[in-house]
Amino acid sequence: MPKKQTIPNRDFIRVGTSKIHGHGVFAKRKIPKGTRIVEYCGDRILKDNLLSDFENGLTSLRYVLSLTDDIAIDGERNGNDARFINHCCQPNCEVYIFDDIPYIYAMEEIPRWKEITFDYKLQSISSKKLTKKEKMKLYPCNCGAKKCRGTLIVQ
Ligand SMILES: [Zn+2]
């Protein structure tokens with residue numbers, strides 16, 4: 001009888017240089033629509049502590065993913081390659097949270113070597129309401145999508 005195959009790491013992705021920003025994550029092979037590509041790993045941090053952690057040099061806040069209203073995942077601390085996935089205003093992936101764990105899913109078929117992206121839907125941690133101009137200045141987006149909103153912050 002053939003042994004049941006287990007694939008602990010399906011190895012869909014590769015980190016490389018991105019045209020969008022710094023490092024990016026690319027499809028190592030064709031990824032079918034609906035595929036669970038990778039878990040977004042990192043330490044769980046109370047959102048209330050993020051700013052003081054930043055001020056104390058514990059994080060750059062560059063790889064923070066919102067998990068719940070109170071908790072965020074910081075990919076800078078014990079994260080994996082998923083932290084290098086860039087934002088795009090018209091992304092090909094989406095984050096779904098199952099059993100309290102965020103995963104990156106393919107929203108469409110992704111051809112080999114195409115960059116993998118999701119919409120960060122960033123929310124400002126500032127209590128002040130930012131104008132669109134301020135958002136674009138603080139968190140500019142260079143994703144190059146036709147419908148790029150110019151900022152990582154969700155409108
Ligand atoms: Zn954009």
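With 11 C-beta neighbours inside 10 Å, Asn-78 counts as exposed, where a residue is exposed if 12 or fewer other C-beta atoms lie within 10 Å of its own, buried if there are 20 or more, and partly exposed in between, with C-beta atoms placed from the backbone. This is a predicted model, in which local features need pLDDT of at least 70 and side-chain atom pairs count only at pLDDT 80 or more, while totals for chains, interfaces and linings use all residues. Residues are numbered from 1 along each chain as its sequence is written.

**Loop residues**

Asn-78 lies in the loop between E6 and E7, and its phi, near 60°, is positive in a residue other than glycine. Asp-99 also is not a glycine and has a positive phi, of about 50°. Most residues other than glycine have a negative phi. The loop between E6 and strand E7 (86–87) also holds Arg-77. The table sets out the exposure of these three residues.

| Residue | Loop | C-beta neighbours inside 10 Å | Class |
|---|---|---|---|
| Arg-77 | E6 to E7 | 16 | partly exposed |
| Asn-78 | E6 to E7 | 11 | exposed |
| Asp-99 | E8 to E9 | 5 | exposed |

Not counting residues up to four places away in sequence, Arg-77 touches Gly-42, Asp-43 and Thr-59; a contact requires C-beta atoms, placed from the backbone, within 7 Å. The C-alpha atoms of Arg-77 and Phe-12 are separated by 22 Å, and the two residues are 65 apart along the chain.

**Secondary structure and sheet**

The protein comprises 2 helices and 10 strands, taken as DSSP runs numbered from the N terminus (helices H or I, at least four residues; strands E, at least two). Along the sequence the pattern is β-β-β-β-α-β-β-β-β-β-β-α.

An open sheet of 3 strands has the order E4-E6-E5 with antiparallel pairing, two strands being paired if DSSP finds at least two bridges between them. Strand E4 (43–46) and strand E5 (64–66) stand at the edges with a single partner strand each, so one side of each is left without a neighbour in the sheet. Neighbouring strands of this sheet are turned by 35° against each other on average, direction ignored. E5 pairs with strand E6 (residues 71–74) over 3 bridges, and Val-64 has Asp-74 of E6 as its bridge partner. Helix H1 (residues 47–55) lies across E4, E5 and E6 and runs at about 100° to E4. Such angles run from 0 to 180 degrees between N-to-C directions of lines fitted to C-alpha atoms, for helices over the stretch in contact.

**Cores and overall form**

The largest nonpolar core has 20 residues, and those with the most contacts inside it are Ile-13, Ala-27, Ile-85, Ile-104 and Ile-116. A nonpolar core is a set of buried Ala, Val, Leu, Ile, Met, Phe, Trp, Tyr and Cys residues joined through C-beta atoms within 7 Å. Strand E2 (23–27), E5, E6 and strand E10 (115–118) each give two or more residues to this core. Apart from it lies another core of 5 residues, among them Cys-88, Cys-141, Cys-143 and Leu-152.

Buried residues make up 23% of the 155 residues. The C-alpha atoms fill a box of roughly 65 × 35 × 25 Å, taken along the principal axes.

**Confidence**

The mean pLDDT, the predictor's confidence in each residue from 0 to 100, is 90, and 91% of residues reach 70 or more. Confidence is lowest in helix H2 (residues 132–138), at a mean of 89, and highest in E10, at 97.

Key. Two residues are in contact if their C-beta atoms, placed from the backbone, lie within 7 Å.
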